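The exercises below can be worked through with the sequence and the model side by side. Each task is followed by a solution that goes step by step.

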Amino acid sequence: MAGRINDDDVKVVRDAVPIDTVVSEYLQLRPAGGGNMKGLCPFHDEKSPSFQVSPSKGLFHCFGCQEGGDTIAFVMKIDHLSFSETVERLAAKAGITLRYEEGGYNPTHQRGERIRLVEAHKAAADFYVEQLGGEEAAIGRKFLAERGFDQSAAEHFGVGYSPAGWDHLTRFLRGKGFSDKELLLAGLSQDGRRGPIDRFRGRLMWPIRDISGEVVGFGARKLRDDDNGPKYLNTPDTAIYKKSQVLYGVDLAKKDIAKASRAVVVEGYTDVMACHLAGITTAIATCGTAFGTDHIKILRRLLMDNGSARVIFTFDGDAAGQKAALRAFEDDQKFAAETYIAIAPDGMDPCELRLNKGDAAVQDLVEPRTPLFEFAIRQIVSRYDLETPAGRASALDEAGPIVARIKNGASQHEVAVQLAGILGILDTQFVVKRVAQMARWARDRGGRGPAGPASSSSSSSASSSSSSYDSGQSTALSGPALNLRSPAHRTERELLKLALQRPELVSPAFDAYGVDEFTAPPYAAVRRAVEDAGGAEQGMASAPEYLAGVREAAPNDAVRALVTELAVEVFHGKTIDESYAGEQLVRVRLRAVDLRIHDVTSTLARLGTGADHERHQAVQNELWVLQQYRQSLRNSGAAAL
C-alpha cells in the first residue's frame, strides 16, 4: 500500500485551490452578501438556493441538507472519491507534487481506482486525437468535412479516431502502465478470446467529459459498411461514467449557460458542435439515452432556477423526435425554468441546418420557439377528429391531465383556456373546470399537482368560511370557535406547527395540501400564508427568513399572531420525527377526503337517475377515486401521500 499523504502537503493543496473555483465547476454561484456566494445545493433538490460558499474561510454549508466542509470534503462528496483520491486530483490541478509518509512518492499503479480510470481515459483521448491525423482515419476526416467541420473544430471538441485493429489502444495503454483490469473497468477494452481487445475499433471518437472537464467516456460513430455494430456506440456504465448523469458539451457550455440563464438541448454530438460553432455556446446533448431527471438536476444547478431561465429542446421534426419531445415533457414540471421546443424547417437537425443554410439559420432556430407544453398538447390533439363532439371530448380527456400537472395556478388556468381554443370548445369555463377537477384528483391520489378549487355545488360551510377568511377581507379571526379537544382541529394545529417549526419533516408533502383541507378558518388562513410565502420547503433554507415571510404574508394582525404562536408552541408528541409527521399528514388528509366523499355522495343523491349521463358518470368516477384513495391512506399511511 502507498503511504499516507504528508499532512503539510494536504494543507498546501487545501490552500492552493480556492473553494469557489472548485464549486463553480459544478453549479452557478452568485453573491450572497458578506463576501459569501450562494447556489442551488448539488446534494439535494431545492427550489431556492440554500447552499453557501465562503471563499475567505474555504468552507461550504447547505442550510437545507446540512452538508458542509472544506474544498476536499466537497469534491469527496460530489464525485464519490476517497480522501487520498481527492487530494491527488486537486494536487494535479494545482501542479503540486505530493509526498507520502511511508515510502516516498505514491507509485502510479497504487493510486485510487477513480483517478486511474480518469487517467486512462485522458490517455485514450490523446491517443485517438493523434490517430485522426493518420492515413487510416481519412474516412473519419471525410465524415467531419462533409458535415462542415474542419481540423480546428475537431481539435476544439477533441474528436479522434480509433484504429480498426483488435488491440491498438489496449497495447498503447499497457505501455503507459495500465493493467488489463483497469482497462476493462474503464470500458476501454473488453474480453476477447486471447485477452483484452479494444472496445472501439474503426470509429470516429467523441470524448465525453463530466461537468469538471474530465474525460469519463466516449461516443463512437460507425464509419464503414462492414461494421456490424450500432450506428453509435457509447462507453458502458462504469465507476466514473453513468450515461443518465452526463451531458455532452456541458464542460464547454456551463459558463455560458449560467451567464445567459439558457440551455439548448440537442440530440447528438455533431448537433452540439454545429450549435457551438454557430455561436450557440449553451448547447448540450444526452449520451445515448433519453433526457431525464438526473440531466435536469445538472441544468438546474447551472441555471439556478431564476425567473428568466430558459431550456430549449431542438428535437428532430420526425416521429422519433416528436416522441423524444413528449418524453422530455414528462419531466417538464421538475424545471423551474420555462421549457420550449424548436424544430427546424424541413425537419433538419442543427448540424444539417448549418450545413445547408449557414450559422445564422442555426441561431434563428432557437428564437421562434414553442412552449413545450403547447407542443405536447398539439401532438396529442392531432390524433383526434376535432370535427366531432366525441373526438373533442376524447382529446380533452387525454390532453387535460397534462394541463392539470402545471403547478402554477394562474398558468394552469391560462393554458386551459388555450386548450379550449385548440380543441374548438366554445364553453371555455367547462374546460377550465374540467382541468381543475383533474388536478384535484391527481392531488388526492398523492400527486404534487396544484389543488383545484372545490366544486361550487359541494363546498362545505367550513371551506366557504375559510375561503372568505383567506381573502383577508375579515379583520379578525372568524368562524367556529377553536376546540383543541376536537381531534380534527388538534391535528390541523399540530401539522401547522410542524410546517412552521420542522418543515423538513413534512416537505414536500405539506405543500401539496389545499387550503380547504384545514377545516378551521383560522388554520386555513395560516395555511394560505405559508403558501403565499413560497411553501414549507422555503423553511428548509433559513428558519428566521421563512417565518418572517409567513408572518408578512398573513392577511392581518390576528393571523400574524397565530403564526407566531404556532411557531413557538411545543408539540404534543413525545418523539417528533418523520413517523410522527407522517401521522399528522395522514390524519388531516383523511379528514379532508372524508368530507369530500360526503359532499360528492350528497351531489350524487341530488342528481338522481334522470341526470345527464356524462355528469352522473363524472361524479360517480370521482366518488370511486376518493374511496380508493381513502382506503389506500388507511392501509399504507404516509406512503400513500
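**Exercise 1. Find what the buried residues of helix 14 pack against, and describe how these residues are arranged around the helix axis.**

Solution. The buried residues of helix 14 pack against strand 12 (262-266), helix 11 (269-277) and helix 15 (359-365), where a contact means heavy atoms within 4.5 Å and the elements are DSSP runs numbered from the N terminus, with helices being H or I of at least four residues and strands E of at least two. In this helix, which spans residues 350-357, the buried residues are Pro 350, Cys 351, Leu 353 and Arg 354. Seen down the axis of helix 14, these buried residues fall within an arc of 165°, so they line one face of the helix; the arc is that of the directions from the helix axis to the C-beta atoms. Buried means under 20% relative accessible area, exposed over 50%, and partly exposed in between, with a 1.4 Å probe and protein chains only.

Before going on, note that this is a predicted model, in which local features need pLDDT of at least 70 and side-chain atom pairs count only at pLDDT 80 or more, while totals for chains, interfaces and linings use all residues. Residues are numbered from 1 along each chain as its sequence is written, and side-chain values use heavy atoms, with hydrogens and water left out.

**Exercise 2. Carry out the same kind of analysis for helix 10, and then examine Ser 261.**

Solution. Begin with the buried residues of helix 10, which are Val 250, Asp 251, Ala 253, Lys 254, Ile 257 and Ala 258. Down the axis of helix 10 they fall within an arc of 140°, so they line one face of the helix. An α-helix has 3.6 residues a turn, so residues three or four places apart point the same way. The face turned away from the buried side of helix 10 carries the exposed residues Lys 255 and Lys 259. Next come the packing partners of the buried residues of helix 10, namely strand 9, strand 12, helix 11, strand 13 (283-285) and helix 12 (293-303).

Finally, follow the chain to Ser 261, which comes just after helix 10 and has its place in the loop between helix 10 and strand 12. Ser 261 has a positive phi of about 55° although it is not a glycine, and with a relative accessible area of 5% Ser 261 is buried. Most residues other than glycine have a negative phi, and most peptide bonds are trans.

**Exercise 3. Which residues line the second largest cavity, and which elements give two or more residues to its lining?**

Solution. A search of the whole structure finds 2 cavities of 30 Å³ or more, and the second largest cavity has a volume of about 60 Å³. A cavity is a set of points, on a 1 Å grid over the protein atoms alone, where a 1.4 Å probe fits but cannot get out, and lining residues have an atom within 4 Å of a point; a volume is the space filled by probe spheres set on the points, which are joined across faces, edges and corners. The second largest cavity is lined by Phe 157, Pro 207, Arg 209, Tyr 248, Gly 249, Asp 251 and Leu 252. Strand 9 (203-209) and helix 10 (250-260) are the elements that give two or more residues to this lining. By class, the lining residues divide into 4 nonpolar, 1 polar and 2 charged.

**Exercise 4. Is Asp 79 buried or exposed, and which residues does Asp 79 touch beyond four places away in sequence?**

Solution. Asp 79 has its place in helix 3 (residues 71-79), and at 10% relative accessibility Asp 79 counts as buried. Not counting residues up to four places away in sequence, Asp 79 touches Tyr 26, Arg 89 and Arg 114. Asp 79 and Ile 240 are 161 residues apart in sequence and 8.7 Å apart in space, C-alpha to C-alpha.

**Exercise 5. Locate the peptide bond from Ser 507 to Pro 508 and state its geometry.**

Solution. Pro 508 lies in the loop between helix 22 (503-506) and helix 23 (521-532). The peptide bond that reaches Pro 508 from Ser 507 is cis, with omega near 5°.

How values were computed. 1 Å grid on protein atoms, 1.4 Å probe; cavity = no way out; pocket = protein on both sides within 12 Å on 5 of 7 lines; lining within 4 Å. Nonpolar A, V, L, I, M, F, W, Y, C, P; charged D, E, K, R; others polar.
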